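Trainee: Could you take one part of this protein and walk me through it slowly? I would like to see how a single piece fits in with what surrounds it.

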Amino acid sequence: MEEYIKKIRNKIGHDVIILNYSGCIIFDEQNRLLLQKRTDCGEWGFLGGMVELGESIEEAAVREVKEESGLEVAVTSLYGVYSKYFAEYSNGDKAQTIVHIFRAKAIGGKLINNNSETAALKYFALDDIPPLFCKQHRDILADIIAGKEYIYR
């Protein structure tokens, strides 16, 4: 996927493009939420990443969780689509970021830490969540805490 984005960026520079991301909300048996401390910014967020060419949003979510956490997950439902958000990256690239977020349950694997994308993984009680790295993730969390589901905005 990185090569695909590089190819697009070589043609359009830093102009705004639409990027699709996919991720998962995962709770443990104690109803604690799994979050990832990211290596790119050192802050916490949901597990997930960019949808690759030829991949469904569900496939992307499952793949990204496995890459970032070591967990194998089964998607149980679409939680929401968060689409009216904009990002400017440290290199000057700009994008409208669309996140498709699923509810999922762990069905295998083992939590890993310290890979190229993950500095740490931790389950948090909903009343003890650290600050999240972007507005999109903060809005997802606010909707979870408010008991909302099937969100689109």
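Mentor: Let us take helix H3 as our part and work outwards from there. Keep in mind that this is a predicted model.

Helix H3 covers residues 135-145. Start with the side of the helix that is hidden. The buried residues of H3 are Gln136, His137, Asp139, Ile140, Leu141, Asp143 and Ile144. Notice that this list holds Gln, His and Asp residues as well as Ile and Leu. What covers them? The cover includes strands E1, E2, E3, E5, E6 and E8.

Now pick out Ile140 and look around it. Setting aside neighbours within four places in sequence, Ile140 is in contact with Ile25, Phe46, Tyr79, Tyr82, Val99 and Ile101. Several of these names come back when we look at the largest nonpolar core, which has 22 residues. Those with the most contacts inside this core are Ile25, Leu33, Leu35, Phe46, Tyr79, Ile101 and Ile140. Two or more core residues come from each of strand E1 (16-26), strand E2 (33-38), strand E5 (71-88), strand E6 (94-109) and our helix H3. The most, four residues, come from E1. In soluble globular proteins, nonpolar side chains tend to be buried together. There is also a second, separate core of twelve residues, and Cys24, Leu34, Ala61 and Val73 are among them.

Next, let us see what the helix rests against. H3 lies across E1, E5, E6 and E8, and runs at about 125 degrees to E5. These strands belong to an open sheet of five strands, in the order E4-E1-E6-E5-E8 with mixed pairing. At the edges are strand E4 (47-50) and E8, each of which pairs on one side only. Follow E1 and you will find E6 beside it, paired in the parallel sense over eleven bridges. To place one of these bridges, find Asn20 and look for its partner in E6, Ile98.

Strands E2 and E3, which also help to cover the helix, sit in another sheet. This one is open too, with three strands in the order E3-E2-E7 and antiparallel pairing. Its edge strands are E3 and strand E7 (118-124). E2 and E7 are joined over six bridges in the antiparallel sense, and Gln36 has Leu121 as its bridge partner in E7.

The two edge strands of this sheet also share an aromatic pair, the one such pair in the structure. The rings of Trp44 and Phe124 have centres 5.0 Å apart and planes at 85 degrees, so the pair counts as edge-to-face. Because Trp44 is in E3 and Phe124 is in E7, the pair ties together parts that are 80 residues apart in sequence. Both residues are buried: the relative accessible area is 14% for Trp44 and 6% for Phe124.

Finally, come back to the helix and leave by its far end. Just after H3, Gly147 takes a positive phi of about 80 degrees. Further along, in the loop between H3 and E8, you meet Tyr150. Its phi is also positive, near 60 degrees, in a residue other than glycine. With a relative accessibility of 57%, Tyr150 counts as exposed, whereas Ile140 back in the helix is buried.

Note on methods
Residues numbered from 1 in each chain as written. Predicted model: local features only at pLDDT ≥ 70, side-chain atom pairs only at ≥ 80, totals over all residues. Heavy atoms only, no water. Core = buried A, V, L, I, M, F, W, Y, C linked by side-chain atoms within 4.5 Å. Buried < 20%, exposed > 50% of the residue type's maximum accessible area, 1.4 Å probe, protein only. Contact = heavy atoms within 4.5 Å. Pairing = 2+ DSSP bridges. Axes fitted to C-alpha atoms, helices over the stretch in contact; angles between N-to-C directions. Phe/Tyr/Trp six-rings, centres within 6.5 Å; stacked < 30°, edge-to-face > 60°.
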